[in-house]
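This report describes the domains, ligand shells, core and selected elements of one chain.

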Amino acid sequence: MASVDTTIQLIERGTMPGQACAPELAEPPWTFDGIAPTYGPGASMFDVIPESAPRQGELPATYREATASELHHRILAAKETLGDRVVLLAHFYQRDEVVQYADFVGDSFQLANAAKASPRAEAIVFAGVHFMAETADLLSRPDQAVILPNLAAGCSMADMADLDSVEEAWEQLGELYGTSADASGRLPVIPVTYMNSSAALKGFCGEHGGIVCTSSNAEAVLAWAFERGQRVLFFPDQHLGRNTAKAMGIREEHMPIWNPRRRLGGNSPETLTDARVILWHGFCSVHKRFTLDQIARARTAHPEVRVIVHPECTATVVDAADAYGSTDFIVRTIAAAPAGSTFAVGTEINLVQRLAAEFPQHTIFCLDDVVCPCSTMYRIHPGYLAWVLEALVGTAERPSEVLNRIAVDDSVAIPARIALERMLATRPGEAVSV
Ligand code: 13P
Ligand code: SF4
């Protein structure tokens, strides 16, 4: 089966039927590095990008102009020379053209552990997005350099909650609830941040008795938080928060949305007093694309289909699916299914197409028939990989150099590690079937 990049090229050349959400996806990502800050083509292309989002400088011409085969040989040669000095981690949503070089491929929880378990590497090259590279920096040794091959690979959902707005929300909630614990010693509210957030927000959680979660352990983490608090302030993804809390039996009327642009997040004091989980107004534009109509169409076309989606999808989509869980849960469920199974998958297209290629004994397709990858994962390309790896190797004229280092300042890193270590100490819960 063709990779997502090849599929998009074929669609745009008119030699394959189908539709991509943006024809610009057929262009190499460096086309978008120089122009006004934007998430680039793909699912997040219409999201508002913060002024402060990191930008990527111009990729040298030798990488922009190299053919795919030249880049392939240069990456292999650099990796061979570097050996154990470098480890390459890739998220499941990365393009196949990058994943093929990875030493470890996984979901964000697994990659956080992989970063921790690579003590011999001097450099960790992270083929994922900015918050994942920050997390790798937090969990690796101080002398290990974490490298994000393209600094424009952010995450639009992570950008929907910034430290100032969360501090403002915290202050307002503090005025409303006070700070005293109840008779059973539980504080009024515990902050929980999804892994998909800046290190600054992880640090905020570490400082305020809170914790980090990923989609593979959100339920265990919320249980941890409810042992210590009467309520949870959950950011930035409202859908992961809502889906997890619903699975734990919390009713929707006890999950108000917090809109950071409005006083008390747009809620009455009574609503916030009754709240169990206050959901930040954030979402993932990749997973927002999945709909009930797509599920109905999949069921009509394939009556035997199992619909399996990521918990960043809306609650209506999750409720209508047969199963939901983290990317790792999706992979494991498909791997364990009897031959001849049919799956309609609601998650990022690079993972879905890779699964379809890896498990030819099944019928596997994406719920959304428009090809629309994550805009920021798309910003990593073999050209940038060759660039950072060859810089690490160095030449006779140019000493070895670390490019695009992601380093979290100690003032943030120390509390952020506390919140991450709390998470790593909770047992990841199994994803829930519905
Ligand atoms: P996982 O935590 O399942 O890897 O998901 C990360 C992500 O970015 C999903 O959009
Ligand atoms: Fe962020 Fe969504 Fe992309 Fe994941 S898929 S990195 S949450 S924009």
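Domain bounds, as used here, come from an automatic or database domain assignment. The C-alpha centres of domain 1 and domain 2 lie 31 Å apart. The model is a predicted one, in which local features need pLDDT of at least 70, side-chain atom pairs count only at pLDDT 80 or more, and totals for chains, interfaces and linings use all residues. Residues are numbered from 1 along each chain as its sequence is written, while chains are lettered from A and ligands numbered from 1 in the order in which they are written.

**Domains and their contact**

The chain falls into domain 1 (4–156 + 376–403), domain 2 (159–284 + 413–425) and domain 3 (287–371). Domain 1 gives 14 residues to its contact with domain 2, and domain 2 gives 15 residues; two residues are in contact if their C-beta atoms, placed from the backbone, lie within 7 Å. Helices (H or I, at least four residues) and strands (E, at least two) are DSSP runs, numbered from the N terminus. On the side of domain 1 that touches domain 2, helix 5 (108–116) and helix 6 (130–139) are the elements that give two or more residues. Helix 6 gives the most to that side, with five residues.

**Residue classes**

Ala, Val, Leu, Ile, Met, Phe, Trp, Tyr, Cys and Pro count as nonpolar, Asp, Glu, Lys and Arg as charged, and the others, Gly among them, as polar. The table gives the classes for three sets of residues.

| Set | Nonpolar | Polar | Charged |
|---|---|---|---|
| Side of domain 1 that touches domain 2 | eight residues | four residues | two residues |
| Shell around ligand 1 | one residue | six residues | two residues |
| Shell around ligand 2 | eight residues | five residues | one residue |

**Ligand shells**

A residue is near a molecule or strand if its C-beta atom, placed from the backbone, lies within 6 Å of it. Around ligand 1 stand Asp107, Ser108, Asn196, Thr214, Ser215, Cys284, Glu312, Ser326 and Thr327. Domain 2 and domain 3 each supply at least three residues to this shell. Ligand 2 has 14 residues around it, of which Cys155, Met157, Cys284, Val286 and Cys374 come nearest.

**Burial and core**

A residue is buried if 20 or more other C-beta atoms, placed from the backbone, lie within 10 Å of its own, exposed if 12 or fewer, and partly exposed in between. In helix 6, ten of ten residues are buried, among them His130, Glu134 and Asp137. Their cover includes strand 2 (86–91), helix 5, helix 8 (199–207) and helix 17 (410–425).

Leu163 lies in helix 7 (residues 163–177) and counts as partly exposed because it has 15 C-beta neighbours inside 10 Å. Beyond four places in sequence, Leu163 is in contact with Ala200, Leu201 and Phe204.

A nonpolar core is a set of buried Ala, Val, Leu, Ile, Met, Phe, Trp, Tyr and Cys residues joined through C-beta atoms within 7 Å. The largest nonpolar core has 134 residues, and those that touch the most other members include Leu89, Phe126, Val192 and Val345. Helix 16 (residues 382–393) gives the most to this core, with eight residues.

**An open sheet**

Two strands pair if DSSP finds at least two bridges between them. Four strands form an open sheet in the order 12-11-13-14, with parallel pairing. Strand 12 (323–324) and strand 14 (363–366) are at the edges with a single partner strand each, so one side of each has no neighbour in the sheet. Strand 11 (residues 306–309) is joined to strand 12 by two bridges, and Ile308 stands opposite Ala323 in strand 12.
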